Amino acid sequence: CALGGYGFFSTNNNLQVFNPNVKEWLYKPTTGEVPAYIWGLCFKIDDAVYSMNNFKSGNSTAPNLIDSTIYKLNLKTMVWERFYQMDYPSKIFGTAYCTNQYSLVMGELQTIIVKPSAFKFLLINNEELGNSLNIAIDSISQDVIFFKSKGSANVNHQIYSIELNEAWEKHANKLKPFNLIPIEKVKP
């Protein structure tokens with residue numbers, strides 16, 4: 001599946017499914033409280049996909065938008081629902097990544113790490129995680145993220161790594177469970 005994303009100066013909200021019989025991506029219709037745009041943190045638990053921290057670029061002609069809503073797509077019914085969580089840091093924008101057990105978004109100052117199997121998240125300052133603005137992700141293997149220096153003469157040199165299982169355990173006192181509160185449908 002491919003969900004949302006950015007292309008042709010537009011942030012998409014569609015779901016596409018690869019059909020191996022025809023070897024093409026096909027549009028899959030969804031209903032309900034469909035997100036206006038999807039480009040953020042996403043993960044799957046059982047028969048549901050969760051989407052949050054969605055960002056819409058203004059392409060330097062309009063303000064950038066960040067959606068504070070948490071969306072859930074029921075994969076059996078293909079119906080979207082909207083939720084909020086009082087203590088969820090929804091205004092953090094950055095590149096989203098997935099590892100074997102985690103989904104995360106690294107913002108400029110903070111990182112959100114989600115462990116779908118535990119249905120919990122960790123908000124951590126990048127300094128505490130060992131991340132800075134002068135580094136970039138080089139690669140991901142299993143649940144380890146390898147970083148390299150930005151702009152140095154030796155750009156391909158890995159300078160350190162973060163083992164997400166260790167970070168998760170080390171900061172266990174900061175873990176927060178998802179307690180999603182449904183948002184009532186807006187009636188016209």
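**Cysteines, aromatic pairs and a pocket in a predicted model**

Cys42 is partly exposed, at a relative accessible area of 25%. The structure is a predicted model. In this model the other cysteine of interest, Cys98, is exposed, and its relative accessible area is 52%. Cys98 takes part in no disulfide. The cysteine sulfur nearest to that of Cys98 belongs to Cys42, 7.1 Å away. A disulfide is counted when two cysteine sulfur atoms lie within 2.5 Å. The closest cysteine sulfur to Cys42 is that of Cys98, and 7.1 Å is too far for a bond. Across the whole structure, the search returns 0 disulfides.

Aromatic contacts were examined next. The count comes to 14 aromatic pairs. One of these joins Tyr50 and Phe119. Their ring centres are 5.3 Å apart, and the planes meet at 55°, so the pair is classed as tilted. Tyr50 sits in strand 6, which spans residues 48–52. Phe119 sits in the loop between strand 13 (110–115) and strand 14 (120–125). The two positions are 69 residues apart in sequence, so the pair ties together separated parts of the chain. The partners differ in exposure: Tyr50 is buried, with a relative accessible area of 8%, whereas Phe119 is partly exposed, with 22%.

A further tilted pair is formed by Phe121 and Phe178. Here the centre-to-centre distance is 5.1 Å, with 50° between the planes. This pair also links distant parts of the chain, 57 residues apart. Phe121 belongs to strand 14. Phe178 belongs to the loop between strand 18 (176–177) and strand 19 (181–182). Phe121 is buried, with a relative accessible area of 1%. Phe178 likewise counts as buried, at 6% relative accessibility. Both pairs fall within a cluster. Ring pairs connect Phe43, Tyr50, Tyr88, Phe119, Phe121 and Phe178 in that cluster.

The pocket analysis gives a second largest pocket with a volume of about 190 Å³. Its lining holds 14 residues. Those closest to the pocket centre are Ile38, Trp39, Gly40, Leu41 and Ala96. Three elements each give two or more residues to this lining: strand 1 (2–7), strand 5 (41–45) and strand 11 (95–98). Strand 1 gives the most, with 3 residues. By class, the lining comprises 7 nonpolar and 7 polar residues. Charged residues are absent from the lining of this pocket.

Asn14 was considered last. This residue lies in strand 2, which covers residues 10–19. At 22% relative accessibility, Asn14 counts as partly exposed. Neighbours within four places in sequence were set aside for its contacts. The remaining contacts of Asn14 are Ala2, Leu3, Gly4 and Tyr27. Val34 stands 20 residues from Asn14 along the chain. The C-alpha atoms of Asn14 and Val34 are separated by 9.0 Å.

Terms used:
Residues numbered from 1 in each chain as written. Predicted model: local features only at pLDDT ≥ 70, side-chain atom pairs only at ≥ 80, totals over all residues. Heavy atoms only, no water. 1 Å grid on protein atoms, 1.4 Å probe; cavity = no way out; pocket = protein on both sides within 12 Å on 5 of 7 lines; lining within 4 Å. Points joined across faces, edges and corners; volume = space filled by probe spheres on them. Helix = DSSP H or I, 4+ residues; strand = E, 2+ residues; numbered from the N terminus. Nonpolar A, V, L, I, M, F, W, Y, C, P; charged D, E, K, R; others polar. Buried < 20%, exposed > 50% of the residue type's maximum accessible area, 1.4 Å probe, protein only. Phe/Tyr/Trp six-rings, centres within 6.5 Å; stacked < 30°, edge-to-face > 60°. Contact = heavy atoms within 4.5 Å.
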